Amino acid sequence: MTKTKNSSPKAAQPTGILDQFNLDIPEHFPEHSINPRAAANIVNSESWTDASPMLNLSSFVTTFYEPEEAEVARANITKNYIDHDMYPQCFAMEKKMVGWLHGLWNGPKNVEPYGTATIGSSEACMLAGLAHKWNWRQARQKAGKDASKPNMVTGGNVQIVWKKFLRYFDVEPRIAPLEVGNYRLTTKHLDKLVDENTICVVAIAGQTFTGEDDDIQEIHDWLDKYEKRTGINIPMHIDGASGGFVNPFLYPDYEWDFRLPRVQSINASGHKFGLTPPGLGWIIFKERKIFNEELVFYVNYLGGEMPTATLNFSRNAMQIAVQYYLFLRLGREGYTSIMRHAVNNAQRLAEQLVESGYFEIMNKTQRIPVVALTLKSKYKNFSEFDISAKVRERGWVLSAYTMPAHAEKVRSLRIVVRPHLNRNVIDLLATDIIKACEFLKANGGNMKPPELHKHKAYKTDQKC
């Protein structure tokens, strides 16, 4: 047989599972099919060096699930949440849970509860912000006033989604600066930030940085006085991404929710202390009329006509089904017990770390299961970033970061004490952190804070 130039025979595609498992991963889209077990093993092997989700305590996102949750998820994984015509019971579950959350957050009983499940709190926050922007604009137009310059008042401690909302939807940021030692939104700067163009004030229940709540009641009362003085009625939105599933169970008498007349909307993350796997969020309005009808669209190309008011359209239904399972499975009793253990374990961890002499606690109150610490200033040869890197050798993933603007010189080590951690694990974690500090005290550290991108500067303490 005569071979022509460059006509060497192609290698046969390996057929054995072990052979296929050892294939080179192509740079371009794969040409051939392979055995499903080989494909699964390749995918899983590539993530062997990823952090263990159970030891990732830098994240608020749920990493533990019961076997029954996996069964519920599997049964609903191919359902498209948005297709209410084909999957009406999924929609019925969501609607029932909206009512339950409206009641959990003490919504008025004589109104129609309204809200929706979302991909996460980010989408929920966007929907809340849009609702308040639309309501403000219509009220201004009805009064014959300029409706072109909306602003929103928040604290410098808000999650990045709010800065996204402000930029994406052309709302002027009015961000109250933080102060060293006080990382919450208070009433201190409101007189410089609030005016007739303010669409709402966003306050946090269970903030990311230290786990504390903003001064929600005091902000509410300040806005009451402001309205009496000026006639301007400004609503509040509560970002309860974390606190929304802790406060109702551990602090039922604490008024942070719809009991406050100005609180018109609340978001929370089902995939945080709602205990579902990612991603699931909730946005609940005090009553139906607050979510402006102009934001609702009606479509019929999936079957019967149905309303859609979310930013995302098609999405998986399994998280909604799993959240429904958890509400039924745990009830108020179960959530209360779980959150109490988590907060108690956070307090136990904080006490051990403070008693070690290396740390100062950053949060004044222990509302949600978060431990936020800063290294005592006398330790000069290592930092929070060194501690985070050192305990990573044991598998733990802990957040080390610098605080936002006006407090950026403060470094923090944050630990999210999620419910799957028991007292034994808490003690083990505390021991590993203290041992890391002892090693670094003797040997020093060399980890530098990551270089951060410089974003567009926002005016924070004055009106634009």
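I started with the cysteines and found zero disulfides in the structure. Worth jotting down that this is a predicted model.

Next I looked up two of the cysteines. Cys-90 has 5% relative accessibility, and since buried means under 20%, Cys-90 counts as buried. Cys-437 is buried too, with a relative accessible area of 0%.

Then I moved on to strand β2, residues 151-155. How many of its residues are buried? I get five of the five, so β2 is largely enclosed by the rest of the structure.

I checked the faces of β2 separately. In a regular strand, side chains alternate between the two faces of the sheet. On one side of β2 I have Asn-151, Val-153 and Gly-155, and on the other Met-152 and Thr-154. Every one of these residues is buried, which leaves both faces covered.

Which strands pair with β2? I noted β3, residues 172-176, and β4, residues 198-204.

For β3, I find five bridges to β2, and the two strands run parallel. Taking Val-153 as a probe into this pairing, I see Arg-174 as its bridge partner in β3.

For β4, the pairing with β2 is also in the parallel sense, over three bridges. Here I picked Asn-151, which stands opposite Thr-198 in β4.

Last, I followed the connection from β2 to β3. Helix α6, residues 160-168, joins these two strands in a β-α-β unit. Which hand does the unit have? I logged it as right-handed.

My summary for the page: β2 pairs with β3 and with β4, and both of its faces are covered.

Methods:
Residues are numbered from 1 along each chain as its sequence is written. This is a predicted model: local features need pLDDT of at least 70, side-chain atom pairs count only at pLDDT 80 or more; totals for chains, interfaces and linings use all residues. Side-chain values use heavy atoms; hydrogens and water are left out. Buried means under 20% relative accessible area, exposed over 50%, partly exposed in between (1.4 Å probe, protein chains only). Helices (H or I, at least four residues) and strands (E, at least two) are DSSP runs, numbered from the N terminus. Two strands pair if DSSP finds at least two bridges between them. A crossover is right-handed if, with the strands pointing away from the viewer, the path from the first strand over the helix to the second runs clockwise. A disulfide is a pair of cysteine sulfur atoms within 2.5 Å.
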